[in-house]
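Here are a few exercises to help you find your way around a new structure. Try each task on your own before you read the solution.

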Amino acid sequence: MRKPRRALAAAAIALVLPLSACGSGDEGSGSTDASGKVEGDITFQTWNLQANFKSYFEGVIADFEKKYPDTHVKWIDQPAEGYADKISADAAGGTLPDVVNVSPDLVAPLAKAGLALDLDKAVSKYKKEYLEGAWASHQIPGMTGTYAFPWYLNTGPLFYNKSLFEEAGLDASKPPTTYDELFSDALELADKSDGKVATLANVPTVEDFGRYGVELMNKEGTAFSFNDAKGIELLTKYKELYDAKALDSQALTATPESSGKKFLTGAVAMNPGSALDLENFKKQAPNLYKNIGITDQITSTGKVNMYVMGVMVNSQTKHTPAAVAFAHFVTDAQNQMSFAKQVAIFPSTAGSLDDPYFTEEDGTDVTRVRVAAAKSLKNAVNYTPVLFSDQMKTELRNEVAKALQGKESPKEALDNAVEACNKLLEQQG
């Protein structure tokens, strides 16, 4: 991952490649009964966490083995690079660990192959312990059930440059809170600055279509549907911004890092971020830091986007009670809270975000952002469909670029993107 301090946050935000193969395990060779005695040797696999959190996980494992003296947990940590491929190989070879750190897109092919334990069947009693949106994040369209315990969450606010708003004659104390206000302010900023100040630096992604209220996929999980009237409406709005230079001219090839630099230099008025960015502003752009505004993500649904990690139980494990007990233990309120105080992430357990750590400000900007993010997470959802692969993201991005450049109409672009993504979906099997 990027920097040691940011390893976990990066892991929470990164959406990895889908599995290239998912094995052919039949559900049933393991037991779905989690009610027996908690005993036996199990293996727990994490995703690039050992370097920075070794003592934390060793403590969690020691506490679990103390609580259940007839168990032994072997901890394996895999590097970030090639993690999806490693899981794919283990799934195909029958060597998948008993308890596995996954993201929703990783769990989908495992669930389809019968390798992920359905928690709704095995331990539905635990559902109430987690935020509703977090529990739902590891559900697979077209399948019934939930296939991983939700673990840590991440989200961030929208930053804006107050001085740029004021120079355009806009009220910097009233940032846009709706899409209509966002598009109106963006056009105003571009007009008053003669096209020198863009408001946004990124083209719309599938997450943005979700926050706009577009129905991204049918309920059966068999086809994408973001080319509906609302989807076309959003892309049409972005086309207007692009033509007016309210969307940065380099947005078509922008990365989160390049967008961040644009915001840092005052070329862009708004940008999503996190508490870690505030520290960067303070050091690298003191003038921006003095004029920084913080507001909520803009959404038509009333729910912000969240990134989520999970802990899956291998349905083939020979020690289902122990594997389930450990997956639950790692993700229970106490352990999640302890983890959240070590790094800038948030617990997925119900009630944890009401802790003073997430509700009380102490005058620091880091706390200010943490409190705002925690508040928004209580009813947040993971808008990126679990079946939406990196290839699909590329298809959507390419078609969006064609629409913004005027090579295709917004409708043609989204029709083409949906068609390409549906073909890729069929290939997933």
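**Exercise 1.** Work out whether Met 337 is buried or exposed.

*Solution.* Start with the cut-offs: buried means under 20% relative accessible area, exposed over 50%, and partly exposed in between (1.4 Å probe, protein chains only). Met 337 has 12% relative accessibility, so it counts as buried. Keep in mind that this is a predicted model, where local features need pLDDT of at least 70, side-chain atom pairs count only at pLDDT 80 or more, and totals for chains, interfaces and linings use all residues. Residues are numbered from 1 along each chain as its sequence is written, and side-chain values use heavy atoms, with hydrogens and water left out.

Next, place the residue: Met 337 sits in helix H15. Helices (H or I, at least four residues) and strands (E, at least two) are DSSP runs, numbered from the N terminus.

Then look at what Met 337 touches. Contact means heavy atoms within 4.5 Å. Not counting residues up to four places away in sequence, Met 337 touches Pro 347, Ser 352, Asp 355, Tyr 357 and Phe 358. Take Asp 355 from that list: Met 337 and Asp 355 are 18 residues apart in sequence, and their C-alpha atoms are 9.1 Å apart in space.

**Exercise 2.** Find out how the rings of Phe 53 and Phe 339 are arranged.

*Solution.* First, the rule: rings of Phe, Tyr and Trp (its six-membered ring) pair if their centres lie within 6.5 Å, and planes under 30 degrees apart count as stacked, over 60 as edge-to-face and the rest as tilted. The structure holds 31 aromatic pairs. In this one, the centres of Phe 53 and Phe 339 are 5.4 Å apart and the planes are at 90°, so the pair is edge-to-face.

Now see where the two rings come from. Phe 53 is in helix H2 (residues 50-67) and Phe 339 in helix H15 (residues 333-340), so to speak from distant parts of the chain, 286 residues apart. Both Phe 53 and Phe 339 are buried.

Try the same steps on Phe 183 and Tyr 238. Their ring centres are 6.1 Å apart and their planes at 75°, so this pair is edge-to-face too. Phe 183 lies in helix H8 (residues 179-192) and Tyr 238 in helix H10 (residues 229-243), so the pair ties together parts 55 residues apart in sequence. Phe 183 and Tyr 238 are both buried.

**Exercise 3.** Which helix gives the largest share of the largest nonpolar core?

*Solution.* A nonpolar core is a set of buried Ala, Val, Leu, Ile, Met, Phe, Trp, Tyr and Cys residues joined through side-chain atoms within 4.5 Å. The largest one has 125 residues, and Phe 57, Phe 224 and Phe 326 are among those with the most contacts inside it. Its largest share, eight residues, comes from helix H14 (residues 320-330). Now check how covered that helix is: 11 of the 11 residues of H14 are buried. There's also a second, separate core of 12 residues, including Phe 263 and Ile 294.

**Exercise 4.** Name the ring that Lys 230 lies over.

*Solution.* A charge sits over a ring if NZ of Lys or CZ of Arg is within 6 Å of the ring centre and within 35 degrees of the ring normal. Lys 230 lies over the face of Tyr 212, at 5.0 Å from the ring centre. Likewise, Lys 341 lies over the face of Tyr 357, at 5.4 Å from the ring centre.
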